Amino acid sequence: MMPRRLLPPFTALWGRDHGRKRNEFGAYSIRVISFNFKKTNIGCFQQLLRQHHQDASDCRRLPRMTIERASRLFRTVDNEGSALTSHDLSRHCYNLASFGENQLQLNAYAKLLSLDEILEQANKSDERFRNGCPKSLLDGIPVTIKANIAVGKWWEMPNACSRILTHKGGSAIDATTCIDEVYESDIAQKLLKDCGAVLIGITNMDEFGMGSLGINNGLHHSSGHALREDQQYEKKCSPTYNPLPWIHRISMMTSGTKPTAGGDDYVLQQIRISTPDNPHCIEDEKDLKNLIEEVQYWTRGYSSAEETEHAKSSTKSSTTSPLLSPGGSSSGAAVATAHGSSLLSIGTDTGGSLRLPSAWTGTVGFKPSYGTWSRYGVVSYASSLDTVGFIAGSMECAKIAWDCLRDNSVRSTKTNEWNGRVCRDPTARIYHNHNDRALQSTPRPRSESDSKPLENICIGIPTSFSLEECPPFISRAWSIGAHHLQNVGGATLVSIPDSKVSSEWVKLSCAAYYVLACAEASSNLSRYDGVRYGLDLDLDVDEDIPTFDANVKRKYPALSEMNLLEERISATRILGFGDEVQRRVLAGTSVLSSDRFHSHYEAAAIVRARLSRSLESVLRTSTMEYNDERVIDDSGCEKVDVMLVPTALSFPCVLNPLHDDDSMAEGMDSTMAFANDVMTIPISLGGFPSVSVPLFQTPFGDDRKFGLKEGFDGSDIASLQVFGHRGSEDIVLKVASLLDADLHPTVS
């Protein structure tokens, strides 16, 4: 039985009502269009593919260090020693991070470790390489971790970029005053201690993971330092910016020095001569100065005295602002990886928090099955949806990270061990039977006649995800990607009809997600009351604490009935929580109330269960299915190994830092922003593994000059996501790797 109605604020997910009528469930109509691959003209497809490769060759990008290249160079020894050391690479990444924060104003980091702290870790890694005992392929690799994950001694307590988990000065709460030992998450211990990675810093995020644009940061910070005194209680915050417009601009500046077929020598030279003021090795000082002036003009509205008139004249006629949203909530993780200051960024994905930013920044976002990695040490938002994952620069990097971080130990059902230690997260591996997982992660065996990498792999194209609101550019990318997997990879494309995965459940998934997520957030965040956790306020001493005057109390009589404890709790949460967090907590409290629980929360739970079951019904799960070439269910529909859908139906929006928070994103309000995750939410509700791959980026063509007047506007980024049944991470990564290797332009 279809639920009759969901909470109104979360059903209007497609923006303002432009004359469209609501359907019987209270939601705006989302129209589904036909998407028949069998009738596509193959000659037309090949022509599009050739044009894509031509466009991609025109796209200049900065050389990107990858995990595979760094690991190989660490192990390459010549007469002078290793070709590359973790010390040199970590110093270069620190220079990039410092330049990005101080010059490009990217705001990717909540805290950037000092150079001494970074090199201390790198030197230990180099010592292990000299002794011939590196811990893993991630040993010595510069990485970052999201601000809602505890990292032990490098950052005392995770603050999730919320003021309520910080001192009034903006610094993190000192763990030594709260607990007897350093608070460290399981994933941080696995990454930094077991694998030997080098931590560069803590990345910014939307407060508590609530947001999809990177503008809901609850802290007004500057590279992790304390706030200025006049900003300590200021509500307005600095957004995180997409680095791609500036990366393409810098690439044009260095195009004269970059070899046409870049290799290790060029990358090593860039690392060795890198400086904090010029890590990209821009030779012309005038170009570097103009770049910084333009950044200041757009982010702050002014430039230095001697260049003010020039900057204004060169940008006034600009039709496109270079300040684009990187997506959220893992905005800092995506920006750090795209800019190159981090080769791997650990984060969390609730409804698309890793995949949407990766789609908007041209990186790879990976969300494994729910419960794959322990959530111990992760600040809770929606406990049944929060999943630890990562953002990497390429699919090769993602595969290396997955192989290093995956849990290869056999789980004991009696002790619930995780990698030899007692698991501190009761939900870890909840969806996994270890013996079944090994089978699900292994594709059917290939025969000797198989000549293509995806032979005997069935890829589903669900018609319920073919929405009329999908832009033509993304539809074209979806078509090209699917046919590439078929023609080059040898995969079999299977259309999943609406009768198997209903479009009605997909339409309602976004509304159901926000009902469930807000309800869980209301419960999880109730602990931050200033008594048990949160800001320690003194109503008698602190003058900046919000209070309710007599007029407000007369308007709302309930306020006058509060005692001192209730007033303190109210003041703590008003001051500590940002606007978006307050909205979602209030909405979650509403749906959990006695008069709305059955009509809203239970209805959303039904949508989640029905959608998950419908997706499970078309995905291969059992051992017997993997031994058959084709598996047909009772209704005659062929089952598939993975499915392929777009990651996002929207493009990065322009940010205006001089506007208020509600109008900072041009053309998108807080309600419209909910729809950014419409393609990722159905996968998160089912706990399925998914990886987002950037298909191609063509910011300018033959008849366009790059520049701020007609530059990169984000409307030419398209990413696809591959997802499968729980535990099928290996197959998902294998399919996505073919898209990344052959269609995404290789960085030279």
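**Loop residues and a helix crossing in the predicted model**

Asn107 is buried, with a relative accessible area of 8%. The structure discussed here is a predicted model, and this asparagine makes a good place to start a short tour of it. Asn107 sits in the loop that runs between α3 (86-102) and β3 (109-112). Although Asn107 is not a glycine, its phi is positive, at about 55 degrees. For context, most residues other than glycine have a negative phi.

The loop between α3 and β3 also holds Gln105. With a relative accessibility of 14%, Gln105 counts as buried, because the cut-off for that class is under 20%. The side chain of Gln105 places a polar atom 2.8 Å from the backbone oxygen of Asn102. Beyond its sequence neighbours up to four places away, Gln105 touches Gly100, Tyr241, Val295, Thr299 and Arg300. One of these partners, Val295, is 190 residues from Gln105 in sequence, yet the two C-alpha atoms are 7.4 Å apart in space.

Another asparagine with a positive phi is Asn456, where the angle is about 70 degrees although the residue is not a glycine. Asn456 belongs to the loop between α13 (434-440) and β11 (458-462). Here the relative accessible area is 23%, so Asn456 is classed as partly exposed.

A further backbone feature worth a look is found at Gly328 and Ser329, which are joined by a cis peptide bond with an omega of about 10 degrees. Most peptide bonds, by contrast, are trans. Ser329 is placed in the loop between α9 (308-315) and α10 (331-339).

Turning from loops to helix packing, the axes of α15 (residues 503-524) and α19 (residues 579-591) come within 7 Å of each other and cross at roughly 100 degrees. Helix α15 is therefore roughly perpendicular to α19, since crossing angles of 65 to 115 degrees fall in that class. On the α15 side, the contact is made by Tyr514, Val515, Cys518, Ala519 and Ser522. Helix α19 contributes Arg584, Val585, Ala587, Gly588, Thr589 and Val591. Sorted by class, the residues in this contact are seven nonpolar, three polar and one charged. Among the nonpolar residues are Tyr514 and Cys518 of α15 and Val585 of α19, while the charged one is Arg584.

Terms used. Residues are numbered from 1 along each chain as its sequence is written. This is a predicted model: local features need pLDDT of at least 70, side-chain atom pairs count only at pLDDT 80 or more; totals for chains, interfaces and linings use all residues. Side-chain values use heavy atoms; hydrogens and water are left out. Axes are lines fitted to C-alpha atoms, for helices over the stretch in contact, and angles run from 0 to 180 degrees between N-to-C directions. Helices (H or I, at least four residues) and strands (E, at least two) are DSSP runs, numbered from the N terminus. Angles under 35 degrees count as roughly parallel, over 145 as roughly antiparallel, 65 to 115 as roughly perpendicular and the rest as oblique. Contact means heavy atoms within 4.5 Å. Buried means under 20% relative accessible area, exposed over 50%, partly exposed in between (1.4 Å probe, protein chains only). A polar contact is a pair of N or O atoms within 3.5 Å; within protein, one must be able to donate a hydrogen and the other to accept it, and residues adjacent in sequence count only if both atoms are side-chain atoms.
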